[in-house]
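Biologist: Can you pull up the model for me? I'd like to go through how the chains meet.

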Amino acid sequence: MMASPYVPAPMAITRAVREITDVFTWTFEVPSGFAFKPGQFNMLYVHGVGEVAISISGDPAMPERLVHTIRAVGSVTRVMAQLGEGDVMGVRGPYGSAWPVDEAKGRDVLVIAGGLGLAPLRPVILRLLANRADYGRVTILYGARTPADLLYRPELEAWRGRFDLRVEAIVDRAGRDWFGPVGVVTRLFDGVPIEPDDAVFMCGPEIMMRFAVRELEKRGMPREAIWISMERSMKCGIGLCGHCQLAGSFVCKDGPVYRFDRIAPYLTVREL
Amino acid sequence: MDDLERVLKAHPFFAELEADHVQFLVGCAKNVRFRGGDYLVREGDREDTLYLIRQGSVAIEIHRPGSEPTCVETVGPGDVLGVSLLATAAAHLDCRARETVVALALDSACLRHKMAEDPRLGLAIAMRLLERTYERLARARLQHLDVYR
Amino acid sequence: MPGVGETVVLDRAAFGALLQALIADGRELVGPTVRDGAIVLDTLRGIDELPRGIGDEQGPGRYRLRERGDEALFGYAASPHSWKRELLPPRVALVQIRRTGRGLAFEGGAAPLRKVAFIGARACELAAIAIQDRVLRDGAHPDPDYRARRDDVFVLAVHCGSPAGTCFCVSMGTGPRARAGYDLAATELLGGDSGHRFVVEVGTVAGGAILARVASRAATPEDTAASAAVTDDAASRMGRKMQNEGIRDALMANLEHPRWQAVADRCLGCANCTMSCPTCFCTSIEDTTDLSGDHATRARRWDSCFTADFAYVHGGSVRPSLRARYRQWLTHKLATWHDQFGTSGCVGCGRCITWCPVGIDITEEVAAIRTPPDGLPGSPPGSLPRSTNG
C-alpha cells in the first residue's frame, strides 16, 4: 500500500529558543537533510492536540537543520510554546509554492516584511545572500510593532552591517531608546530606489500587504513583479480537505506564494 | 535667484509650484536649525509655523505620566510639519528634533495672508496640504489597526 | 463469456442470480433499499431487498416515497445517500500515534479489506465518483484511504427511467444514460410481451465474467431500442434545467449580486446540501486520545464550508456571514471547480434541492445571479493558476 501523505515523520526538537513575545524558534537536526524551497511550509503535529501549518524559516543550503519560528496564538501553538528540547513532533512536508528566486535573477530585489512575516522570508533572504552575485541591489524593509517586536534582531543587525545589502527597519511606535524611524512600513519606500524592473517579495498581515502594494504601484511597480505569501487555515496541507481555498485556489498547493497580479482580484472581494 | 528661493523650490512640498509663486513666498520663509533634543512644536503651542524639513529626523511624540514619551511617527527630509496652518489650532503632539535638524520655517500668518492675496497660490498650497494630510491620515489609520498583533 | 461492448438480456430471476453470483464472489452488495420512509444505500442480501414497486416524489425540500403499482426494482431517482458514504466515509481513522518513552511512533490507518459491489449506481452518481476521483485520487497527493476503497469496486449501474422533480442531469451533461465507469450497466424494462427483463451492457472484462455465470440471451435490436427509449423518455422528463452555458464567468462576474443576500436570508446554514451532495469532499482532521494520553488517533471526518469556522485566519473567520458561505459553496461547485479540476463540480442529481429544509433551488438561484442587477455585464476575475508543484 502506498505511503500515506497523512502520516507524519517523528522529529525531536534539538533546540528551542524564545524570540520576541509569544514567539519561539525550534530547530530539528535532520542528518539525512530536509530539502525544501524557500517559501514552503510544513504541517507540525503535536501529540494528541493537533496540527498547524508553519513556514520553514531555515537556511535552504543547510537542510540538515530544519527551523520553524512559531507564534503561540491558538490552541495547538500555545501547547507548542510549552515544549522544548527533546520533545518529539510529527512533521509532514514540505508543501506549497516557493519564492521565484530564478525569476528574480539579474534584477534588484526588494524584500518587504511585516511582523512575523519575516519568518517565511528568512530562507529566501539567505538564498539571495548565498548567491549574491546572481542579483542586483538587495534591500530588506521590515516593519514591526515596537522595537521589542523586531524578529531575528541580532541577525538583522548583522545583515545590516554588510556592504552588499541594505536593511531598514521601522516600528509602529517607540520610546526614546529607539533611534530608527517610526511609522508604517511604507514610510521606508521613499528612502530606497524602487524601479519597475525590481522583483518584490513580501510577507506580512494582509492589510499591510494591500497598503504596501498601493504604495509600490504609485511608484511605478507593476503587479507582475510583486510576490506575496498568503495565509489561510489548513487541515491537510495537501489539497484534499478544502479548508484553505481562496476562490478557486488551494493556498496549500497553489500558494502560499502567489504573484500579486494573479491573486489581486480575489483580495478585494470581501469574505471570499 | 535668491539662495532661499532655490532652497524653497528644491523642497518636495513645493515641487511644481510656479516660479513666481515661489518668489512670492520667500518673504514668509527663513532657514532654521535645531539641535538634537530641541522641540520644534510643543503640545498646546499655537501652530504658527509650517516647517519644511530638509535634513535630520523629528519625532512626533506624546507624553503621559508614568512612562517615557511615545513616538508615533518620525518625519524627515521632504516632509512637512504644522499642516494645520489654516486653522489656528493648538498643537496636540510634541515634535522633537532627534538630531540636528535643518528646515525652512514659513510663518503661518504670513502664508495665510499671501494665500488670500493670490487665490491661485492659495489653492495650490491648500491642495498640497490636503494631500499630505490625507496620506498622514491613511498611515495613522493603518498604525491604529495594530496589524502585527 | 459476454465481451466488453456486448449487450445481453437477463430476466428477473437471472438478475437475482447475478446478485448472488457477486456475493459468491466474496463481494458485499451495497445498494438501494427502503428504510425509514426513504430509499437508502445499505448492504443487500439479494434481489428481494431492492425497493420493488417503489417510486419517489422529489421537490424543493420535499421527499416522499410512493407505490408505483408495478414490479420495478429501480423506479426512483436519487436517494438521500450517495456512494460518497462508501468511498469517502463520514469518519475514517487515518493515523494512529503511540507514545514510546519520549518519542512517537506513527502508523497509517488501513482501509478495511472489503470487496464491494455498487448495485444500481446512476449516471449522475458515476459522474460524481469520477469527479471525486480527480480531487482525491488523481492529484499530487492521493488520499490512500479513498484510493484503496475505490480500487476494487464492482459497479452495476442502472440507466435512469424515472427521473424525479429535482433532477437536472441532462443540462449538466451527466445522464440519464451512464457512459463510462461501470462493469455492467442495466436498463430495467417492465411488462410487455417479453416480461420483466434487464438489458445489460458489458463495460469491463470483470463485468463479462460475472455475467457468464447467469443465464442470458443476446440482445436484439428491439431490446436495444427499448433500452434507449427508456433514457430518451427520462431525458425529456427532467424536473429542472441548469443554465450551464459559460457559468463560470457568469457567476464570478456577479460576486456582489444582491441575490446572494436574498438566498442567505433563507439559508439555515444546516449543511444538508453539502452532506447529501455526491461531490462535496471537504473534510477535517480530528484528534482524539485515550485516557492515558499515550495513544492518539487522527481521523478524517466530513466537514462543510457552511460551518462558521471552516475558513479562518488568526483573528477570526474569513467568511463570517452566511451570505459569504453560501456564495463560497455555490461558486465553488459551479464555477471555481472548473478552474481547479477542469469540470463542473455539479452532476445535476438534485439532492441539494430536495434535502434543503427551506427548498433552495440552485437552478433558480443561478438563473437569478447570472443576470447582473443593473443589466450590465461585470468582468470576472481570471482563474488562478493551478499548482505546478509536487
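Biologist: How many residues do chain A and chain C each put into their contact?
Modeller: Chain A gives 41 residues and chain C gives 49 residues. Two residues are in contact if their C-beta atoms, placed from the backbone, lie within 7 Å. This is a predicted model, where local features need pLDDT of at least 70, side-chain atom pairs count only at pLDDT 80 or more, and totals for chains, interfaces and linings use all residues. Residues are numbered from 1 along each chain as its sequence is written, while chains are lettered from A and ligands numbered from 1 in the order in which they are written.

Biologist: Which elements of chain A supply at least two residues there?
Modeller: Strand S4 (50-55), strand S6 (88-95) and helix H5 (260-267) of chain A. H5(A) has the largest share, four residues. Helices (H or I, at least four residues) and strands (E, at least two) are DSSP runs, numbered from the N terminus.

Biologist: What classes of residue are on that side of chain A?
Modeller: The side touching chain C has 19 nonpolar, 14 polar and eight charged residues. Ala, Val, Leu, Ile, Met, Phe, Trp, Tyr, Cys and Pro count as nonpolar, Asp, Glu, Lys and Arg as charged, and the others, Gly among them, as polar.

Biologist: Now A and B. How many residues does each give?
Modeller: Chain B gives 17 residues, and chain A gives 20 residues. On the chain B side, S5(B) has the largest share, seven residues.

Biologist: And the scores? What are ipTM and pTM?
Modeller: The model has ipTM 0.92 and pTM 0.91. Chain C averages a pLDDT of 94. pLDDT is the predictor's confidence in each residue, from 0 to 100.
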